[in-house]
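Reader: I should like to learn how aromatic pairs and nonpolar cores are read from a model. Please begin with the rings.

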Amino acid sequence: MHLEVDQTVHICLSKKHHVELRKLIAPAGGRFSFGCVLELFDAGRRLGTTEMAFAALRCIRSQSLLLHPAALFTQRRRVLYFSVKASQSQTATQEKKRPTAISPHFDKQIIDQISKNYEAIIGIETHVQLSTFTKAFCSCPYNYGSSPNTNICPICMGLPGALPVLNSKVIEFAVKLGLALNCRLSFNSKFDRKQYFYPDLPKGYQISQFDIPIASGGYIDLDLPLEYGGGHRRFGITRVHMEEDAGKLLHSESGSYSQEIILNLSSYVDLNRAGVPLLEIVSEPDMRTGIEAAEYAAELQRLVRYLGVSNGNMQEGSLRCDVNVSVRPIGQSQFGTKVEIKNLNSFSSVSRAIDFEISRQVLLHSQGQSDQIVQETRLWEEGAQKTIPMRKKEGLSDYRYFPEPDLPEVILTKEYVENIGDSLPELPETKRRRYESMGLSMQDVLFLANDVSVAEFFDATIARGAEVKLAANWIMGDIAAYMKNEKLAINDIKLTPQELAELIASIKGGTISGKIGKEILFELLAKGGTVKGMIKEKDLVQIADPAEIERMVDKVLAENPKQLEQYRGGKTKLQGFFAGQVMKASKGKANPGLLNKILLEKLNAKS
């Protein structure tokens, strides 16, 4: 059955509240999202307009969520209409008298000057979606991009009488990540119910962990890129806990906004993601800049990929970051009011959103308006490059946690933990220190260790005898450029570590020149094959016979008497011209070192 309702709610507001409501809506471009409508009740309470709050709530509750024929849950065509008691001209006058809102484009010099007196405090809550074959508490698979509501069952739909059964892989991955983050493990932990209402949460609660997380009290080490000043950082980890994901809301909006607010929208609920296992990682408030926070998030992504517990793809929602930002005057020990920022879908967004929020809060502090910084959740608007209010931040008591009665305690044994610890791969921090000890520069180290597949390719190449620096240069140079141009990962190229090591050895041993080596490399990258086979097939062995190279040099000099006369007259840059002609004659096979030596002797010989 498809529910389609045309409903209009008319709410009359005072001038003051109308202005406040416009402030609430305007950042969203004059249109509500469905989430904003759901938060209207809380917004109304904050404004002190209980009539508006209850009317909005009745509007929402009057339209039940029913199953769409296309397997979507939907709410259809709601219209909210607001008018103001006073005239339009009076409202416009009142708006002109309001304090000017802070511009999203702050004067950088002024902010930099003011910021010297303040310190930012930053913490991050990161949700990592686990790469298990099935969901956390049922046997449904999860495949990103599947048609809506095709991977669901009575358990993940929250139907009455359906009981959860814990996926053991979730515990294994949680222990892996806890050990990798240097945490203390809870050998006896439990699950709890986190109560809240939202249309994409079918049970009306989320299965999570509250007071006894599976891991706590850890830290993560990372190296900042050289372009951001470099240096080593260690950030504390407060806790790691297991929980299930909610579903997803899909919005289709249309409408307009003028003096009245007209809303016409459809919202659909896709429960494919409901019940997918997550690990939430809560950091200590140890970060001070947007760059540090972005690098912390990038290191977590590296870590979960190294461990194989998640693909960490932010664009798919496999790694989601909510950052908490506050500022305080330098020297003050007490934290400022914390603001949470959501909707961050890239590491650069994390950095820019934090920098904007720090500037916004510092400016309010400097203007004596610190009381306007309230504990709330704000959204990052990528287009406008600013944060906007979303909702008041809930407290722990609002969630009414209590132990999950349908799941037993999670009990770990020492042997189980030790076996997982023994199976851990070499982690990014350990790998960086090992590469550094090989004599590689920090720039090389950060590039090679950034991607676990690239690191494995590099390790396999040097294990076959390739010189460390030469292998790094080939991977970071021509191979990386080829992968970028072709949009390929290193696992997708045809070149193998064994053949790269053979290519490096052939160049170093003088069998082929560097120029020929590059030609062979690109063919191996695209088509595969072996270095020895290609050298033999195309007769690419380097000419290293001095007599043969001398004959070619004599021939080139004899064919270019004018250039030879100019060289001997002082135009020594013509040496490159002669070298190029000899290489052309030898089809690139002449040994460059031997060629230059013989050529110089001939050019400088007395005629």
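Author: Ring pairs link Tyr196, Phe210, Tyr399 and Tyr401 into a cluster. Rings of Phe, Tyr and Trp (its six-membered ring) pair if their centres lie within 6.5 Å; planes under 30 degrees apart count as stacked, over 60 as edge-to-face and the rest as tilted. This is a predicted model, in which local features need pLDDT of at least 70 and side-chain atom pairs count only at pLDDT 80 or more, while totals for chains, interfaces and linings use all residues. Residues are numbered from 1 along each chain as its sequence is written, and side-chain values use heavy atoms, with hydrogens and water left out.

Reader: How many aromatic pairs does a search of the whole structure find?

Author: A pair of aromatic rings is described by the distance of the centres and the angle of the planes. The search of the whole structure yields 8 aromatic pairs. In one of them, the ring centres of Phe137 and Phe191 are 5.7 Å apart with planes at 85°, so the pair is edge-to-face. Phe137 belongs to the loop between strand E5 (118-129) and helix H7 (168-180), and Phe191 to the loop between strand E7 (188-189) and strand E8 (192-195), so the pair ties together parts that are 54 residues apart in sequence. Here helices (H or I, at least four residues) and strands (E, at least two) are DSSP runs, numbered from the N terminus.

Reader: Are Phe137 and Phe191 buried or exposed?

Author: Both Phe137 and Phe191 are buried; buried means under 20% relative accessible area, exposed over 50%, and partly exposed in between (1.4 Å probe, protein chains only). Tyr399 is likewise buried, with a relative accessible area of 13%.

Reader: Which charged end sits over the ring of Tyr399?

Author: A charge sits over a ring if NZ of Lys or CZ of Arg is within 6 Å of the ring centre and within 35 degrees of the ring normal. For Tyr399 the charged end is that of Lys194, 4.4 Å from the ring centre. The charged end of Lys203 sits over the ring of Tyr205, at 5.5 Å from its centre.

Reader: How many residues has the largest nonpolar core?

Author: In soluble globular proteins, nonpolar side chains tend to be buried together. A nonpolar core is a set of buried Ala, Val, Leu, Ile, Met, Phe, Trp, Tyr and Cys residues joined through side-chain atoms within 4.5 Å. The largest has 66 residues, and those with the most contacts inside it include Leu177 and Leu181. Helix H8 (residues 290-307) gives the largest share of this core, 8 residues.
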